[in-house]
Every structure is written in C-alpha cells, then in structure tokens.
Amino acid sequence: MHWLLEAFLDLLFPPRCVGCGSWGKWLCDSCLKAIPFLKEPYCPFCGKPQPQWGTCPSCANEPHALEGIISVAYFEGPIQKAVHLLKYRGRTALAYPLAELMASWLSQNHLKADAIIPVPLHPQRLHERGYNQSALLAENLSKKLGIPLLNGALERIRYTRPQVGLSALERKENVKGAFRADPLKVAGKDLILVDDVCTTGATLEECGFALKQARAGRIWGLTLARAP
C-alpha cells in the first residue's frame, strides 16, 4: 500500500530533481552527470581514495571483518541533498533511484554475493524515524539485482548516540558490541552489507564482526556515498 500511495502521489505531484529543482525526475540527467563518483585507486579495505593502490595508513595495522568497503560517490552535491531528504525528510521514494546508482556500480564491477543485508537501526531509533533508509536502499537493490534480501538477519542490540560529530576513535567505541547476527540466516553466505553513507567505516566494520561471529562468509560493505 505504501508503494502504491507513493506512485499515486507521483502522478499528482511529479517529482522535482533534488539537485536543480526541475520537474520530472528525482535526479535529472544534468545532475546525474554532476555527481562526483569515486574513482580508483582507493584503499582496498576502507575504500578511501589514495594517490596509488595500496592499504591506507589507517587500515594497515587494524583487523578487518570486511573484504572491503565500496562507495559509489562522494557525499556532496546532489547526492548529499538526496540522502538528507531520504533520511530526515521522509522522501522514501528517493530510495529507488539511489539504489539504481548502487546497482549500476555493482553490475559494472561484477561483485557477487548470496544475499544483501542492510545496516539495522535500533528499535527505538526506528520508531522515532518510522523507517530505516538503509533497509529501503537494500530492498530496492535486492529487487534490481535479483539478490535475496535478509531482513532481520542482523540487529542492533544496543542504543548508541548518533555518529555525527564524533572522532574516528569515538565512532569505533560508540558502536562496539552494538550488533548481533543470526547464524541460522547468515552462516556460510557471502554478503553485501548496505548503508547510506560511510564516514570512517566504523559501523560497517562492527556489523562485519557480528556477521563473522555468526559464521558468515565473505562480506563487502556497500554505501551510496562517502564523506570527502
């Protein structure tokens, strides 16, 4: 019913581009071309752009649960506006075109997995916001690529303060032990872990450790955007 209502509202009130305000699409062709997509080379673990291929200093001596973190674009311009509208303003219809960008990246780079898992919200935060933007991206990505979606396989068991404004070390401590995965759902499976934005990768890595404890196979983090 939710998606039918959104489709009906789009007929009555056509979407406006989040970048320039033109009518017809959430992201017009001109603004799509203006998106600052990430380019190689980048660190194979955290995905941070590098002058040349190789592990960045921050990742060199750190344990990693993830095979790597991949982001589609920088968190600026039309992408930043789109994520803010999706995450804080209830524009859930944006999840579809944004997931299309992520699906296009995966198709071009031939990253395969058995299932897709969204980074979960704590039940209290989910109640406050009404939806999980990462779950909406993961759901649309699953439909686009035909890769099964594992909802409920990973849960956030500890309420944490928002990561915004915290240092890299504070972010890591803030999410430590905050997640739990279900071995019956993830054991032996190669997974794509989906979130909206990567800043330091602390949340994705902590999710990865929980999934590894549940005997998951290889895990890649995939985000729409990455903080510059």
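**Entry 1: the crossover**

Which handedness does the β-α-β unit made by E5, helix H10 and E6 have? I looked it up in what is a predicted model, and the unit is right-handed. Strand E5 covers residues 191-198, helix H10 covers 202-213, and strand E6 covers 219-226.

**Entry 2: strand pairing**

Next I went through the strands around E6. E5 and E6 pair in the parallel sense, with seven bridges between them. For a concrete pair of residues I noted Leu-191, which stands opposite Ile-219 in E6.

E6 also has E1 as a partner: six bridges join the two, and they run parallel. Here I wrote down Ile-70, whose bridge partner in E6 is Leu-222.

Then I checked what else pairs with E5. Strand E2 does, again in the parallel sense, over four bridges. My marker residue there is Ile-116, standing opposite Ile-192 in E5. Put together, E5 pairs with E6 and with E2, while E6 is joined to E1 as well.

**Entry 3: burial of the strands**

Is strand E6 enclosed or open? I counted its residues by accessibility: eight of the eight are buried, so the strand is largely enclosed by the rest of the structure.

E2 (residues 115-118) I looked at by side-chain direction. Ala-115 and Ile-117 point one way, Ile-116 and Pro-118 point the other way, and all of them are buried. So I have Ile-116 down twice, once as a buried residue and once as the one facing Ile-192.

**Entry 4: H8 against H10**

Back to helix H10, this time for its packing with H8. I got axes that come within 9 Å and cross at roughly 35 degrees. The crossing of H8 past H10 is right-handed.

Which residues meet there? On the H8 side I listed Arg-171, Lys-172 and Val-175, and on the H10 side Ala-202, Thr-203 and Glu-206. I flagged Lys-172 to look up again among the salt bridges.

**Entry 5: salt bridges**

How many salt bridges does the structure hold? I found seven, and I wrote up three pairs, starting with the flagged lysine.

Lys-172 forms a salt bridge with Glu-62, with 2.8 Å between the closest N and O atoms. Glu-62 sits in the loop between helix H3 (57-60) and strand E1 (68-74), and Lys-172 sits in helix H8 (residues 168-175), so this pair ties together parts that are 110 residues apart in sequence. Both ends are partly exposed: I noted 36% relative accessibility for Glu-62 and 39% for Lys-172. Lys-172 is therefore listed in my notes both for this bridge and for the meeting of H8 with H10.

The next pair is Arg-180 with Glu-155, N to O at 2.8 Å. Arg-180 is in strand E4 (residues 179-181) and Glu-155 in strand E3 (residues 154-156), so the bridge ties together parts 25 residues apart in sequence. Again I have partly exposed side chains, with Arg-180 at 45% and Glu-155 at 36%.

The last pair I looked up is Glu-139 with Lys-143, where the closest N and O atoms are 3.3 Å apart. The two residues are four apart in helix H7 (residues 133-145), so about one helical turn separates them. Their accessibility classes I noted too: Glu-139 is partly exposed at 23%, whereas Lys-143 is exposed at 58%.

Methods:
Residues numbered from 1 in each chain as written. Predicted model: local features only at pLDDT ≥ 70, side-chain atom pairs only at ≥ 80, totals over all residues. Heavy atoms only, no water. Salt bridge = Lys/Arg side-chain N within 4 Å of Asp/Glu carboxyl O. Buried < 20%, exposed > 50% of the residue type's maximum accessible area, 1.4 Å probe, protein only. Pairing = 2+ DSSP bridges. Right-handed = clockwise from strand over helix to strand, strands pointing away. Axes fitted to C-alpha atoms, helices over the stretch in contact; angles between N-to-C directions. Left-handed = near helix turned anticlockwise from the far one by under 90°. Contact = heavy atoms within 4.5 Å.
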